[in-house]
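Thanks, everyone, for making the time this morning. I would like to walk through one model with you, going from the sheet to the ligand and then to a few single residues.

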Amino acid sequence: MKILVATEKAFAPVAVKLIREVTDAAGYELVLLENYKDPADLLKAVADADGLIVRSDMVTAQVLDAAKKLKIVVRAGAGYDNLDLASCTAHNVVAMNTPGQNSNAVAELAFEMMLYNARGGFAGKSGSELRGKSLGLHAFGNVGKFMAEIAGGFGMKVSAYDPFVTSEEMKKAGVYPCANAEELYRTCQYVSLHMPATEKTKKSIGYGLLSLMPPDSVLVNTARKEVIDEDGLLKIFEERKDFSYLADVEPDCKPVFEEKYKGRYIFTAKKMGAQTEEANINAGVAAARQIVDYFRNGNIKFQVNK
Ligand code: 3PG
């Protein structure tokens with residue numbers, strides 16, 4: 001049995017070591033394709049793989065056509081918008097994710113960006129504090145829950161809006177449940193996005209919601225750039241000098257920000273949310289274990305193409 005780990009953005013070496021322990025123990029061969037630049041390399045490497053572990057790597061119909069023996073692909077992470085699910089199903093390939101495994105790392109990055117921004121990039125000028133400020137969590141899944149926990153330590157007032165989570169669950173986590181997205185944006189100085197990129201959520205955060213935000217607003221995006229309507233975002237930046245945008249992954253309109261809005265944004269060069277040793281270990285090892293459990297016991301608990 002051959003398991004390929006194909007990661008354009010490599011896992012930390014300690015995570016690879018622990019993934020290898022799982023596959024060795026199962027008697028499987030582990031093959032690595034790390035930091036590859038050319039998608040053609042993936043087409044070659046996947047040709048004789050029975051199982052595949054990826055991160056944000058694109059698993060397209062072309063990849064699945066090339067993977068003649070593939071039976072399972074696991075996205076070591078939460079968002080699986082990089083997997084062509086219909087094509088996985090058509091190729092009889094089980095697709096899975098590893099929900100929750102890198103959520104704390106993502107939540108910490110959101111706070112790192114918020115703190116750096118609040119202190120003006122540590123440039124010497126007087127900044128502001130997070131204590132007492134309002135934080136709105138747009139979606140309250142695994143990352144949202146870690147956000148609420150950390151925000152509690154900072155003394156922030158936390159609200160959330162998520163149509164799939166009950167008010168009771170939010171209240172139990174010490175979070176005020178908003179009735180709708182408008183209420184969240186109207187009442188929170190900081191809004192942090194934690195929804196997946198789906199046909200419904202793509203371009204769903206635009207001028208309508210952002211224009212409701214109070215003075216000195218900060219939009220934090222550690223989700224996906226696709227959920228933002230960038231025309232609406234640029235319109236807000238044009239109208240309001242007190243608006244900041246902190247994003248893990250550059251928006252397509254980055255050149256406009258560079259030209260016009262210096263000091264009002266942070267964009268990580270590569271998606272950094274899950275880039276910690278701990279998150280790499282959690283997600284990578286979970287992916288390897290899920291593959292072994294699937295081949296041995298047929299466990300499809302985390303299958304996403306049902
Ligand atoms: C996720 O959906 O789990 C995160 O976006 C992590 O993506 P990455 O593994 O490419 O860093």
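Let me begin with a small question: which residue stands opposite V218 in strand 10? It is Y190 that stands opposite V218 in strand 10, and I will come back to that pair of strands in a moment.

Before that, a word on the basis of all this: the model is predicted, so local features need pLDDT of at least 70 and side-chain atom pairs count only at pLDDT 80 or more, while totals for chains, interfaces and linings use all residues. Residues are numbered from 1 along each chain as its sequence is written, and side-chain values use heavy atoms, with hydrogens and water left out.

Now the sheet, where helices (DSSP runs of H or I, at least four residues) and strands (runs of E, at least two) are numbered from the N terminus, and where two strands count as paired if DSSP finds at least two bridges between them. Seven strands make up an open sheet with parallel pairing, in the order 8-7-6-9-10-11-12. Strand 8 (176-177) and strand 12 (265-267) are at the edges with a single partner strand each, so one side of each has no neighbour in the sheet. Strand 8 is joined in parallel by two bridges to strand 7, residues 157-161, and there A160 is the residue opposite P177.

Going inward, strand 10 (residues 218-221) runs parallel to strand 9 and is joined to it by four bridges, and over another four bridges it pairs in the parallel sense with strand 11, residues 244-247, with L219 facing Y245 there. As a reminder, in a regular strand the side chains alternate between the two faces of the sheet. In strand 10 both faces are covered, since V218 and V220 on one side, and L219 and N221 on the other, are all buried, where buried means under 20% relative accessible area, exposed over 50%, and partly exposed in between, with a 1.4 Å probe and protein chains only.

Helix 10 (residues 230-239) has several buried residues, among them L233, L234 and F237. Their cover, counted by contact (heavy atoms within 4.5 Å), includes helix 9 (207-210), strand 10, strand 11 and helix 11.

Turning to the ligand, the residues around it, meaning those with a heavy atom within 4 Å, include K9, R55, S56, R75, N102, R224 and K271. For polar contacts, which are pairs of N or O atoms within 3.5 Å, a polar side-chain atom of S56 lies 2.5 Å from a ligand oxygen, an N or O atom in the side chain of K9 is 2.7 Å from an oxygen atom of the ligand, and for R224 the corresponding distance is 2.8 Å. Taken alone, the ligand exposes 320 Å², of which the protein buries 94%, these areas coming from the Shrake-Rupley method with a 1.4 Å probe.

Finally, two residues in loops deserve a look at their backbone. N92, in the loop between helix 4 (85-90) and strand 5 (94-97), has a positive phi of about 60° although it is not a glycine, and N92 is exposed at 66% relative accessible area. V249, in the loop between strand 11 and helix 11 (254-260), has a positive phi near 110° and is likewise not a glycine, but V249 is partly exposed, at 25%.

Definitions and conventions
A polar contact is a pair of N or O atoms within 3.5 Å; within protein, one must be able to donate a hydrogen and the other to accept it, and residues adjacent in sequence count only if both atoms are side-chain atoms.
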